[in-house]
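Let's work through a few short exercises together. Keep the viewer open and try each task before you read its solution.

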Amino acid sequence: MAVATPPRRSAGAERASTTARSTTLQRFLRYRPGVIGLIVLLLLALLTIIVPLVAGFDPAAADANPWARAFYAGRLSLLIAFGALLLGDGIGLLLAIVVGTSQGIGNAIGGVANALLAWPLLPIALVLLALFGPGIGSLIVVLALLRWPNAVRLVRDRLNAINDRSYVQAARALNASSGQIMTRHLLPHVLPAVAANAALGFGSLLLLEGAISFLGFGVPAGSLSWGSAVRLDGDMTSLWQIVLPGLLLTFAALCTLLIGEGLRRTTEARVRL
Amino acid sequence: MTGTVGDRALRALIAFVVAAIAIVLLLQLVPQVGGGWTTSWALQPGMSVVQIIASFLPNTLLVVLLATLISAPLATLLGTRAGIRSRAPLLDSLTLFGASLPVFWLGLMLAIVALQMGPGFLLVGEIGPTRPGTGDINQIADALLLERVLGAVLPALTLSMVGIATVSRWVRSSVRETQDRPYVQMARARGLPQQVINQRYARSASHSLSSALIRALPALVGGTIVVETVFGYPGLGWLFVQALRSNDWPIVAGLLLLLALLIAIATTLDGVVRGNARRRTYA
């Protein structure tokens with residue numbers, strides 16, 4: 001999922017940069033827990049596809065294998081969180097670039113983002129979903145709506161921090177266009193932070209989706225996600241039916257925290273350079 | 001000083017008014033079925049919204065107070081300890097695990113354990129989000145004090161587990177930052193005993209703690225909604241979910257306005273606290 005894009009560099013520079021200036025990817029690989037988190041999360045995503053197929057899972061059957069059921073539920077949770085993350089952070093990144101380049105609209109967007117950030121996400125999500133009705137599509141859209149201010153604030157802060165650096169000023173003095181400055185000099189320094197933020201955001205979206213679907217406002221009735229799988233309605237045949245989905249969700253969230261920490265470290269090293 | 005506080009209060013007031021207008025606009029989408037916007041439509045038809053919210057408020061305050069009393073000291077202690085050492089793998093992994101726990105699931109697990117302890121052990125309501133009926137609101141809100149206090153224990157415990165994990169990580173990073181501050185390096189250079197230095201860490205952590213408690217407000221509100229619903233505990237979060245489920249929009253609107261007010265107050269306080277802390281650090 002959210003792997004940081006290494007900054008563009010020529011092949012020669014790449015070879016020379018083994019110790020002092022390593023790429024973002026190399027720096028990420030150096031943080032073991034982050035790498036393990038990434039592997040486990042990918043494995044978990046793979047298992048949500050494989051396990052129900054192998055175990056012959058029937059979502060309608062009450063006495064289904066709890067493991068197959070828990071992994072099956074993960075499909076929808078991961079899909080919704082990932083969709084909302086792409087949509088929300090994509091919108092956020094675009095808006096943040098507008099914020100960073102133009103003053104007037106930028107301040108307005110920044111103000112709206114800041115005001116939204118003070119609000120807890122769950123009640124707003126519940127109100128919106130109660131108004132628009134439950135559903136996978138509406139859940140993704142609502143989560144994305146709540147997500148974008150986060151990305152805007154992060155990118156805005158980062159852009160402000162490096163906007164006055166000497167190399168940016170030098171590029172400006174050399175008459176580089178604002179688009180060139182953005183893609184060559186600003187974005188490469190912002191994207192690792194965006195990736196770290198996205199990794200953490202993926203986990204919190206998973207947890208938020210779980211809470212919403214658990215309360216019955218998220219995925220439509222009858223469909224399984226990690227949240228709706230632990231609702232106490234229907235026929236429960238074993239305790240594992242509610243223990244396992246929560247455990248898998250916890251592990252997925254833990255993985256995103258580790259990945260986020262690993263990515264954060266790469267950005268820290270960058271700032272010190 | 002007064003200028004900045006007034007300035008912040010004014011800004012918070014503007015934010016509150018904007019939020020209130022947004023809430024009113026949003027509620028124009030609601031299909032108008034019941035009567036006016038001041039009385040309940042479905043849960044307790046005809047009863048004043050203010051009265052209903054006021055009768056549920058004490059229960060939520062009890063849960064939040066209890067959770068804060070449990071989590072604030074523990075979070076400070078753990079966060080400071082983890083921050084002082086350069087490496088604290090056990091504490092780090094414990095808090096990481098705690099921060100990844102889904103509140104609704106953790107609450108459910110605790111509820112199941114409580115159910116094993118015997119009927120009605122620390123539980124006042126029915127467990128789970130599927131509680132169908134509305135019940136008599138008055139009866140629920142007027143439950144015995146002892147029953148309310150006992151019922152608040154498990155929700156508060158669930159909330160504080162997640163709270164400790166999150167807040168202690170903030171405290172830890174603030175203590176780590178403090179280690180590089182000149183006055184701490186100075187203290188170390190003077191050869192002051194570690195205990196004295198630790199006290200200075202703790203003081204710095206306590207500054208960030210008050211700010212952290214305000215920063216934790218959004219998570220606390222979300223957590224209260226989930227936890228109260230899981231345990232069927234009659235507080236504002238439970239009321240919110242029930243009102244949404246039965247399309248009782250005046251109650252929803254009232255609760256959202258209350259939340260907007262709370263946020264306005266919290267952001268003002270946060271600004272004041274941070275301003276004070278900054279002054280002290282750089283003075």
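Here are three exercises on a predicted model, each with a worked solution.

**Exercise 1. Describe the fold of chain A: how many helices and strands are there, and what share of its residues is buried?**

Step 1. Start with the secondary structure: chain A has 10 helices and 0 strands. Reading from the N terminus, the order of elements is therefore α-α-α-α-α-α-α-α-α-α.

Step 2. Turn to burial. Chain A has 273 residues, and 49% of them count as buried.

Step 3. Look at how the chain contacts itself. Among contacts in chain A with a separation of 6 or more, 72% join residues 24 or more positions apart.

Step 4. Finish with the outside. The accessible surface of chain A is about 12600 Å², and carbon and sulfur atoms account for 64% of it.

**Exercise 2. Characterise the interface of chain A and chain B: what area is buried, and how many salt bridges does the rule find?**

Step 1. Count the participants: chain A brings 33 residues to the contact and chain B brings 38.

Step 2. Take the area. About 3100 Å² is buried between the two chains, with 87% given by carbon and sulfur atoms.

Step 3. Check the polar side of the interface. The rule finds 0 salt bridges across it, along with 3 residue pairs in polar contact, both residues at pLDDT 80 or more.

Step 4. Locate the elements involved on chain A. Those giving two or more residues to the side that touches chain B are α6 (121-132), α9 (178-215) and α10 (240-272). Of these, α10(A) gives the most, with 10 residues.

Step 5. Sort the residues on that side of chain A by type: 27 are nonpolar, 4 polar and 2 charged.

**Exercise 3. Place one residue in this picture: is Ala130(A) buried, partly exposed or exposed?**

Step 1. Find the residue: Ala130(A) sits in helix α6 of chain A. That helix is one of the elements listed for the side of chain A that touches chain B.

Step 2. Apply the cut-offs. Buried means under 20% relative accessible area and exposed means over 50%; Ala130(A) has 23% relative accessibility, so the residue counts as partly exposed.

Step 3. List the contacts. Beyond neighbours within four places in sequence, Ala130(A) is in contact with Phe217(A), and also with Leu244(B) and Trp249(B) of chain B.

Step 4. Compare sequence and space. Ala130(A) and Gly218(A) are 88 residues apart along the chain, while their C-alpha atoms are separated by 9.2 Å.

Definitions and conventions. Residues are numbered from 1 along each chain as its sequence is written. Chains are lettered from A and ligands numbered from 1 in the order in which they are written. This is a predicted model: local features need pLDDT of at least 70, side-chain atom pairs count only at pLDDT 80 or more; totals for chains, interfaces and linings use all residues. Side-chain values use heavy atoms; hydrogens and water are left out. Buried area is the accessible area (1.4 Å probe) that two parts lose on being put together, summed over both. A salt bridge is a side-chain nitrogen of Lys or Arg within 4 Å of a carboxyl oxygen of Asp or Glu. A polar contact is a pair of N or O atoms within 3.5 Å; within protein, one must be able to donate a hydrogen and the other to accept it, and residues adjacent in sequence count only if both atoms are side-chain atoms. Helices (H or I, at least four residues) and strands (E, at least two) are DSSP runs, numbered from the N terminus. Ala, Val, Leu, Ile, Met, Phe, Trp, Tyr, Cys and Pro count as nonpolar, Asp, Glu, Lys and Arg as charged, and the others, Gly among them, as polar. Buried means under 20% relative accessible area, exposed over 50%, partly exposed in between (1.4 Å probe, protein chains only). Contact means heavy atoms within 4.5 Å. Accessible areas come from the Shrake-Rupley method with a 1.4 Å probe; for residues, only the protein chains shown count as cover.
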